[in-house]
Amino acid sequence: MRAGSKILGALALLLAGAAHAEDGYRLWLRAAVATPAAATITLRGDTRTLALARHELAASLPAGANVTLATSADPAVAALKLPFAPLGDEGYLIRPVTLNGQPTVLVAGNSDRGALYGAFALLRHLATGGTLATATLTSAPKVKLRVLNHWDNLDETVERGYAGDSLWDWWTLLDRIDPRYTDYARANASIGINGTVLNNVNAKADSLTPRYIAKAAALADVFRPWGIKVYLSARFSAPIELGGLKTADPRDRQVAAWWKAKADEIYRAIPDFGGFLVKANSEGQPGPRDYGASHADGANMLAAAVKPHGGIVMWRAFVYADTDPSDRAKQAYTEFKPLDGTFADNVLVQVKNGAIDFQPREPFHPLFGAMPKTPLMMEFQITKEYLGFATHLAYLGPLFQETLASATGRGKETVATVVDGSSEGHRLTGMAGVANIGRDRDWSGSTFNQANWYVFGRMAWDPTLTAEPIAREWAQQTFGTDARVVDTAVTMMMGSREAVVDYTGPLGLAHLMATGHHYGPGPWVDDLKRPEWNPAYYHKADRQGIGFDRTKSGSDAIAQYASPIAKRLADPGTTPERELLWFHHVAWDRKMPSGRTLWEDLVAHYDRGVAYVGNMRSQWDGVRTLVDTERWQKTATYLAVQEREARWWRDASLTYWMSLNGRPLPASVAAPEHDLTWYKAVRFNYVPGHHD
Ligand code: GCV
């Protein structure tokens, strides 16, 4: 090759690199320094995990830094007599020490995983304005299992996935290990996530065949040094489908033996396999109730199969049946509360944050606090099924915080203290997040969606952390420390989820979306075969009023909460305004604390939501020259989509409410763009994340 074309070739490579340089692939892990290897990093110990930690530090520590990575087992480190005991298996400490006569910053844990988390914590500290001189940090996770749930199908589609196809290329797996698997594990480790359920809870039995176990094992091998365990969603009827048995009844000996053999087989391939996640007797999935057995019978049978290997079972409480005519919001509690105390000690019951289904706002699930003898695992949804998919900007930190900080009404207990086990002294604890990760170059469909993955990890590590500081540290690592950008991003983020609540379902309204794909408004839908699939079931609006009466005069769902909470919710006057229509059917002309009627307040909320998105657009315009073009432009484009769709939600909803209540809009409020027939006629096919 001639010199000229060599230079051109190099330039082309450089440009290709530049074209990808700011596409979001690097997530929040962007603080690499220009001259790596200028720092002195001493490794005391020889494990792959410690080597990875060194690699992370080497790429980002400033010149002249002197850092030592170690575990407490190292004799020289042990001699320092530092407070390692409270760190448990995964905690870390970072502090300036003198080792072998040399001053150094020690990053250490009781395990190499602790040291790896410490390395990432040090990098976070530096990327958010800290210095090595001020690097004295100690932290241990409050929750043991910090797990992503991938609703990824074996055909590589993702249920409710809005960031492209599944990250797992199941077809080529084993032969080809995509480097993204490592990058995924690294990103998770940087925020403390230590487990991943690879396949959809609407599971196929094929995941448990030798062919797919081998593929899962290949992923487990990639994830292991990053401290991440692999779990699988188990299809309850697999003994029939794969084993040729006549039943999957958990009380049947042959069924139990089949699962035991299957567990043994999995552990031969994946010695540190985490265990099973199960969706049973919910939305058409098979389960123990098909045989008259209970959820505990099912969970305990699987738990016995994985127990000898140290595995666990995460059994979901997301159940509702069309045969139960009562309030859907009551069903999980009704079915699970009586089972408290009957689950094996390696079972966690995994409960969604609210009693319906990941709505933009739901009161906390009444099961939290109601099953003291059972470890309850929180399930949040990171992917935004009901919050505008990947295109709307909605930071979920405030949603997670609101749920976790909710007082259950039992002494000082909060949802967070139930989840972290401190309420009842449970040691097996967990938090799950339904992942928003796909094959899109920026992983989550947009830069700001990455913040939801990030905040999930940080709050799973410590459920008492709050949304705003996490938004700030994420923005600093994602966009750099220019205060103008960081302040703008944080301001936009902090009110963004409330804006979605405002323009889709304010004052406690919920489940008003169009059918199936859940994209866009459909509050008028009332003809689906199962009553609780219809938005009309949830809002109960008529000429006089709107809202679901869950008091004694209605479904009495409030009785599922502890008495101080139930008492407060019994009266619309003492019910938090944001949950008013969740718990009460209220007259359109009820006087609200604002001095306006309910109808006027409702309209004001819709307008506030739309206006918030307009404001986010102007704020983002203001940092145009301070953010790289690619990420700025994609965000700006999506904000424009969001504003258009927020208006659509507002207009369609108001048009429909007016068709019921016959009321005019308050003076000077903009009229909807179209009539109700127009909104009802809007149809969408091929919506992402929806697979029939
Ligand atoms: C995986 C909702 C979603 C479903 C999801 C289900 C669940 O109903 O719309 O896609 O199925 O929740 O959490 O099991």
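**Exercise 1. Strand β4**

How many of the 8 residues of strand β4 (residues 102-109) are buried? Then find the strands that pair with β4.

*Solution.* Note that this is a predicted model.

Step 1. Apply the cut-off: buried means under 20% relative accessible area. In β4, 6 of the 8 residues are buried, so the strand is largely enclosed by the rest of the structure.

Step 2. Take strand β2 (residues 66-71). It runs parallel to β4, and 5 bridges join the two. Within this pairing, T68 stands opposite L106 of β4.

Step 3. Take strand β3 (residues 92-99). Its pairing with β4 is antiparallel and covers 7 bridges. Here T98 has P103 in β4 as its bridge partner.

Step 4. Look at the link. β3 and β4 form a hairpin, with 2 residues between them. N100 sits in the turn and has a positive phi of about 55°.

**Exercise 2. The barrel**

Which strands make up the closed barrel, and is their pairing parallel or antiparallel?

*Solution.*

Step 1. List the strands. The closed barrel has 8 of them, in the order β6-β7-β8-β9-β10-β11-β12-β13, and the pairing is parallel.

Step 2. Add the turn. On average, neighbouring strands of this sheet are turned by 25° against each other, direction ignored.

Step 3. Inspect one pair. Strand β6 (residues 145-149) and strand β7 (residues 195-197) run parallel and are joined by 3 bridges. L148 stands opposite T196 of β7.

**Exercise 3. A loop residue after β7**

Where is D206 found, and which residues does D206 touch, not counting those up to four places away in sequence?

*Solution.*

Step 1. Locate the residue. D206 lies in the loop between β7 and α6 (210-223).

Step 2. Classify it. Its relative accessibility is 37%, so D206 counts as partly exposed.

Step 3. Find the contacts. Leaving out residues up to four places away in sequence, D206 touches L154 and Y212.

Step 4. Compare chain and space. D206 and L154 are 52 residues apart along the chain, and their C-alpha atoms are separated by 8.4 Å.

**Exercise 4. Two packed helices**

At what angle do the axes of α15 and α19 cross, and what does that make their relative direction?

*Solution.*

Step 1. Read the geometry. The axes of helix α15 (residues 483-504) and helix α19 (residues 598-622) come within 8 Å and cross at roughly 155°.

Step 2. Name the direction. Angles over 145 degrees count as roughly antiparallel, so α15 is roughly antiparallel to α19.

Step 3. Give the handedness. The crossing of α15 past α19 is left-handed.

Step 4. Find the contact. On α15 the residues include T488, M492, G495 and Y503. On α19 they include H605, G609, V613 and W620.

**Exercise 5. Salt bridges**

How many salt bridges are counted? Compare the burial of the partners in R176–D178 and E532–R530.

*Solution.*

Step 1. Recall the principle. Side chains of opposite charge can pair when their charged atoms come close. The count here is 43 salt bridges.

Step 2. Take R176 and D178. Their side chains meet at 3.5 Å, N to O. R176 is partly exposed, with a relative accessible area of 40%. D178 is buried, at 14%.

Step 3. Take E532 and R530. Their closest N and O atoms are 2.6 Å apart. Both E532 and R530 are buried.

Step 4. Look for a network. Salt bridges with shared partners join E22, R26, R30, D628 and R631 into one network.

Methods:
Residues are numbered from 1 along each chain as its sequence is written. This is a predicted model: local features need pLDDT of at least 70, side-chain atom pairs count only at pLDDT 80 or more; totals for chains, interfaces and linings use all residues. Side-chain values use heavy atoms; hydrogens and water are left out. A salt bridge is a side-chain nitrogen of Lys or Arg within 4 Å of a carboxyl oxygen of Asp or Glu. Buried means under 20% relative accessible area, exposed over 50%, partly exposed in between (1.4 Å probe, protein chains only). Two strands pair if DSSP finds at least two bridges between them. Helices (H or I, at least four residues) and strands (E, at least two) are DSSP runs, numbered from the N terminus. Axes are lines fitted to C-alpha atoms, for helices over the stretch in contact, and angles run from 0 to 180 degrees between N-to-C directions. Angles under 35 degrees count as roughly parallel, over 145 as roughly antiparallel, 65 to 115 as roughly perpendicular and the rest as oblique. A crossing is left-handed if the near helix is turned anticlockwise from the far one by less than a right angle, and right-handed if clockwise. Contact means heavy atoms within 4.5 Å.
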